[in-house]
Amino acid sequence: MNKLAIRKIALDTETTGVDWAGGDRIIEIACVEICPAKNAPKTFHVVINPDCEIEEACTAIHGYTWADLCDKPMFSDIAADFLAFIKGAELVIHNAKFDVGFLNTELARLDLPGIESCCTVTCTLAMARGLYPAQPNSIDVLCERLRINMPSTQSYAVQDAVLVGEIYLEMTGLHT
């Protein structure tokens, strides 16, 4: 079977903090289909009202403040569309434990099963650690190592999703 026969989606989130178990929430989800051909990938991108404060350190990274998000939809408003978009796909995520932890916590708040019930997950950080042991393997470092150009977007989540897709294609040898 062709490695790309299963729909692959690079995913990234931005959050209010780093502790999903402690009440931090998702504020942005970006999903970009991974297409080695020149087809335009399908995307799912949403900014979310977290219904809680945002840590200053996180605002310094992604730029979102409460004022930016108070009029956005809640996770409950977008959950069905998000799940429909990723259904049956392989999600490709850098540091998947982080993003999956947040996503599954949000889904559990709605009494919905975790994302593993509708798709599979591949972690590019785990892949990179296998390929480049004892070396730094952040998205930025991998882009430099693999000679991937950083796109310029207004959203860190969209930018990182695009980069994770490129990193995945380079590390698997599927890039054309």
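1. In this note a residue is called buried if its relative accessible area is under 20%, exposed if over 50%, and partly exposed in between (1.4 Å probe, protein chains only). Helices (H or I, at least four residues) and strands (E, at least two) are DSSP runs, numbered from the N terminus. The model is a predicted one, in which local features need pLDDT of at least 70, side-chain atom pairs count only at pLDDT 80 or more, and totals for chains, interfaces and linings use all residues. Residues are numbered from 1 along each chain as its sequence is written, and side-chain values use heavy atoms, with hydrogens and water left out.

2. Strand 4 (residues 90-93) is a good place to begin, since Glu90 and Val92 point one way from it, Leu91 and Ile93 point the other way, and all are buried. In a regular strand the side chains alternate between the two faces of the sheet.

3. The sheet to which this strand belongs is open, has 5 strands in the order 3-2-1-4-5, and shows mixed pairing, where two strands count as paired if DSSP finds at least two bridges between them. Its edge strands are strand 3 (43-47) and strand 5, each of which pairs on one side only. Neighbouring strands are turned by 25° against each other on average, direction ignored; axes here are lines fitted to C-alpha atoms, for helices over the stretch in contact, and angles run from 0 to 180 degrees between N-to-C directions.

4. On one side, strand 4 runs parallel to strand 1 (residues 8-15), with 3 bridges joining the two, and strand 1 is in turn joined to strand 2 (residues 26-33) by 7 bridges in the antiparallel sense. Within that antiparallel pair, Asp12 stands opposite Ala30 of strand 2.

5. Strand 4 also pairs with strand 5 (residues 120-123), in the parallel sense and over 4 bridges, and Val121 of strand 5 is the bridge partner of Leu91. Strand 4, helix 4 (residues 96-109) and strand 5 together make a right-handed β-α-β unit, right-handed meaning that, with the strands pointing away from the viewer, the path from the first strand over the helix to the second runs clockwise.

6. Where does Glu90 sit, and is it buried or exposed? Glu90 lies in strand 4 and is buried, with a relative accessible area of 10%. Its bridge partner is Lys8, and the side chains of Glu90 and Lys8 also make a polar contact (2.3 Å), that is, a pair of N or O atoms within 3.5 Å of which, within protein, one must be able to donate a hydrogen and the other to accept it, residues adjacent in sequence counting only if both atoms are side-chain atoms. Leaving aside neighbours within four places in sequence, Glu90 is in contact (heavy atoms within 4.5 Å) with residues including Ile6, Arg7, Thr120 and Tyr168.

7. Leu91 counts as buried because its relative accessibility is 0%. Beyond its neighbours within four places in sequence, the contacts of Leu91 include Ile9, Leu11, Ile86, Ile115 and Cys119.

8. With a disulfide taken as a pair of cysteine sulfur atoms within 2.5 Å, the count comes to 0 disulfides. Cys52 is in none, the nearest cysteine sulfur, that of Cys58, being 10 Å away. Why is Cys119 not bonded to Cys118? The sulfur of Cys119 is 4.2 Å from that of Cys118, its closest cysteine sulfur, and therefore too far for a bond.
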